Each structure stands twice: as structure tokens, then as C-alpha cells.
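Got the viewer open? Let's take a short walk and pick out a few things to select.

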Amino acid sequence: MNRYKLMDLCCGTENQPQARRRQFLKLSAMFTAAGALPLLQASRLARAAEPEAPVRIGYLPITDATPLLVAHHNQYFQQQGLTVEPPRRFRSWSQIVEAFLAGQVNVVHLLMPMTIWSRYGSQAPAKVVAWNHTEGSCLTVLPTVQSLKDLGGTTVAIPFWYSVHNIVLQAILREAGLEFISEGEPSKNQVKLVVMSPGDMLPALGSKRISGYIVAEPFNAKAEELGVGKVWRFTGDVWRNHACCVVTMHEADLQQRPEWSQKVVNGIVQAQAWVRTHREETVQILARGNPAAYTPHEPSTLARVLLPSAERDAAYLASGAIRHADWHEQRIDFRPYPYPSYTEKLVSLLKDTFVLGENAFLKQLDPAHVAKDLVDERFVRHAIEAQGGLSAFGIEGGYTRSETFKVS
């Protein structure tokens with residue numbers, strides 16, 4: 001596959017290591033007291049100046065953003081009586097977080113571990129109000145990889161250090177007896193982990209600069225379509241029904257505009273309920289060619305993610321990409337309730353996960369406190385009940401659950 005065609009497919013041209021490092025350092029600086037302060041002040045000023053600010057969505061062109069985009073396309077926000085601007089597409093996590101902290105966007109999907117980093121690593125005034133989706137990510141490797149041991153001495157990409165992807169990948173590598181490093185050249189028993197924007201991963205895999213990546217869809221599905229990679233493991237087959245991206249909003253909006261905030265969450269939850277029973281239509285909404293230009297992805301690629309396939313599931317079961325068939329996981333699903341048990345488990349896992357940069361704050365975090373302080377579940381509970389309750393999202397057992405994290 002031509003390297004530049006791969007770059008076009010991923011909707012990006014800036015794929016140099018230096019550019020990726022600049023993005024990571026920029027985002028890291030933002031999450032220090034000195035780096036974040038000007039942006040946080042700007043956000044507060046924007047909120048004081050615009051008490052009636054419209055819904056301003058920020059997103060990355062990954063299937064994790066589906067509910068936000070469908071809510072906009074189906075005019076669910078307008079039906080709630082809200083004014084909404086066209087969603088703003090960003091290329092990297094650093095860009096979307098910077099825009100969010102500066103008040104340029106006020107409803108975003110963020111990696112759940114990133115929200116922990118932002119709130120407790122820098123005291124950023126943001127809250128998680130709902131899950132945006134469940135599952136939706138994979139570990140994809142070169143077609144020549146026959147065993148995880150083959151990853152030894154190579155480089156694997158992650159979307160960010162504070163991500164479920166990093167947590168799951170490290171657990172998988174540990175089980176295989178592999179160590180992970182962030183600097184230098186990896187030995188035969190080591191894997192070097194590097195941060196890349198999702199759109200940069202496929203070109204890097206196609207040119208064999210990396211041996212694999214773990215990221216949100218549809219970049220795993222596209223690697224399969226192009227024949228440059230194969231799905232090694234679904235993250236949802238390691239952590240059952242896990243969230244990845246979550247709906248994040250400014251704390252000031254939740255406090256000062258609760259009715260507005262409720263209507264925003266209503267629209268997003270309504271979109272999730274709709275997508276679960278309208279997957280084919282969702283493919284067309286997200287696909288390139290839609291006048292809204294939500295994503296650059298082909299319908300066939302998105303269909304591999306959003307539409308169930310018994311044939312593909314059988315192949316994944318045979319290859320080991322799926323080991324827990326009895327979990328009945330979707331490749332991606334949409335369940336909005338942010339279970340406290342998930343947040344508690346996530347905090348505990350982060351404490352035992354290698355993350356680059358300043359992370360001393362993690363040792364001080366109490367999982368139960370984070371579950372109550374970071375997540376504001378008031379709005380999503382009301383929105384779920386308005387859709388008919390948890391059963392509308394295929395959930396039984398109420399608003400509590402136990403977490404299942406199992407690599408083997």
C-alpha cells in the first residue's frame with residue numbers, strides 16, 4: 001500500500017515523530033499548574049461573557065464520537081430547544097483538550113483516564129457526565145506477527161499514556177512475558193511504547209515503522225481492509241463492557257446551567273438509544289460523502305465496526321482475537337451509564353500502569369472518591385429513564401455492577 005495513500009485515508013499529513021512529540025509535550029505542559037492556568041482563566045472568562053453559549057461539540061473522527069455526531073445530525077439538541085453549532089473536528093487529543101480548556105468547545109468526548117489526569121493532575125474544572133460508548137478498540141498488529149513474542153524488539157503505538165488502551169496493552173504484554181519501555185531501543189524481550197494520534201497509526205503500520213497499535217475504531221477495521229494489519233485482540237474481550245471515551249463538560253455549566261446541561265445529555269443519550277437500533281443508518285451518517293463531513297471514513301470500513309457479523313466473529317474466535325465468546329461483546333456498543341465500579345477499577349489499574357510524565361498524584365487518589373467527585377451522574381440517570389430505563393440499552397441488573405478484567 002502506497003504510504004501517501006495511507007496518509008490520505010487517515011485524513012492527516014503530519015505524521016513525523018517530531019510532530020507527535022510536540023503534541024504530547026504541549027498537552028503535558030497544559031496539565032501542569034503553570035501550563036493550565038492561562039487556559040483555565042480563559043475558560044472562566046468565556047463562561048462569564050457567554051452565559052447563553054450554544055452547544056459546541058469537539059470530537060476526533062473515530063467511532064467513539066458517534067453519539068455526539070448522531071445527536072447533531074438527527075437534531076436532538078434542537079429538539080431539546082438548544083442552539084448548536086456544527087461540530088468541530090480535531091486531529092489529536094492535545095488539540096481537543098486545548099480547545100475545551102479554552103472554552104472554544106463545551107461538549108467533548110475524552111479518554112476516561114485523561115479526565116482523571118486533567119482533574120487531579122491539574123485541577124481542571126471538568127466533569128464526566130456520561131459514557132459515550134463501550135468497547136470500540138483493538139490491538140492491531142502486522143500480518144506477519146504470529147505470537148506476541150514477535151512484538152519483542154519492536155515499537156507499538158498507543159493514543160495516549162492516560163488511556164484504557166495503554167492499561168490493556170500493558171496487561172497483555174505482561175502476560176506474554178514482555179517488558180515495555182518509552183525511550184531507547186527495545187531489546188528482544190522489550191516493546192517500545194510511543195504515543196501517536198489515531199490518524200497517524202495506520203500509515204506507520206503500513207510502512208512498518210511500528211509493528212502494531214492499540215486504538216479506537218475504525219483504524220483497526222481499515223488495517224484489515226487494506227491487508228496491512230490484523231486484529232490481535234479486542235479490548236472489550238479483556239475488560240468486559242468497558243468504557244473508553246466519555247462525555248466531558250465544564251463544571252461551571254453543570255453548576256450554573258443545569259437545565260441546559262440536562263438537555264445536552266438528553267440529546268446524547270437519545271442518540272445512543274437510536275444508534276443501537278439503527279446501525280446501518282449510522283454508517284451512512286458517519287461515512288465520507290455525508291454533507292456534514294463528520295469523518296473521512298468509507299462506509300465499508302465503518303460497517304465492519306458498527307454492523308454485527310457472525311462470520312467475522314467466528315474468525316476472530318478461531319484466531320484468538322475473541323477469547324470470551326460467552327461475554328457476547330459488540331465490536332462497539334452504546335451504553336451511557338457511568339458505573340462507579342468502572343471508575344474505581346480504572347483508578348486502581350492506573351496506579352499499576354506505567355505512564356510517562358508527572359504522575360505522583362495517582363498514588364494519592366482514592367478510587368471511591370474519584371468515582372463520586374469526577375463523575376456527575378445526575379443528568380444521565382434522568383436521560384436514561386426518559387428513554388425507558390437501562391433495558392433500552394440492553395442492560396439488566398440496575399445501576400450497579402461488578403468489573404471483569406481478564407487477559408487470558
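Here come a strand with its partners, and then a pocket.

Before clicking, know that this is a predicted model, where local features need pLDDT of at least 70, side-chain atom pairs count only at pLDDT 80 or more, and totals for chains, interfaces and linings use all residues. Residues are numbered from 1 along each chain as its sequence is written, and side-chain values use heavy atoms, with hydrogens and water left out.

**Stop one: strand β10.** Select residues 212–216. Five of the five residues of β10 are buried, so this strand is largely enclosed by the rest of the structure. (Buried means under 20% relative accessible area, with a 1.4 Å probe and protein chains only; strands are DSSP runs of E, at least two residues, and helices are runs of H or I, at least four, numbered from the N terminus.)

**Stop two: its partners.** Add residues 137–141, strand β6: five bridges join β6 to β10, and they run antiparallel. Look for valine 141 opposite glycine 212. Now add β7, residues 154–158, which runs parallel to β10 and is joined to β10 by two bridges. Here alanine 157 sits opposite tyrosine 213.

**Stop three: a pocket.** Which residues are closest to the centre of the second largest pocket? Select Asp313, Ile322, Glu329, Gln330 and Arg331, out of 25 that line this pocket. (A pocket is an open set of points on a 1 Å grid over the protein atoms alone, where a 1.4 Å probe fits, with protein on both sides within 12 Å along at least five of seven lines; lining residues have an atom within 4 Å of a point.) Finish with α15 (310–319), which gives the most to the lining, four residues.

How values were computed: Buried means under 20% relative accessible area, exposed over 50%, partly exposed in between (1.4 Å probe, protein chains only). Two strands pair if DSSP finds at least two bridges between them.
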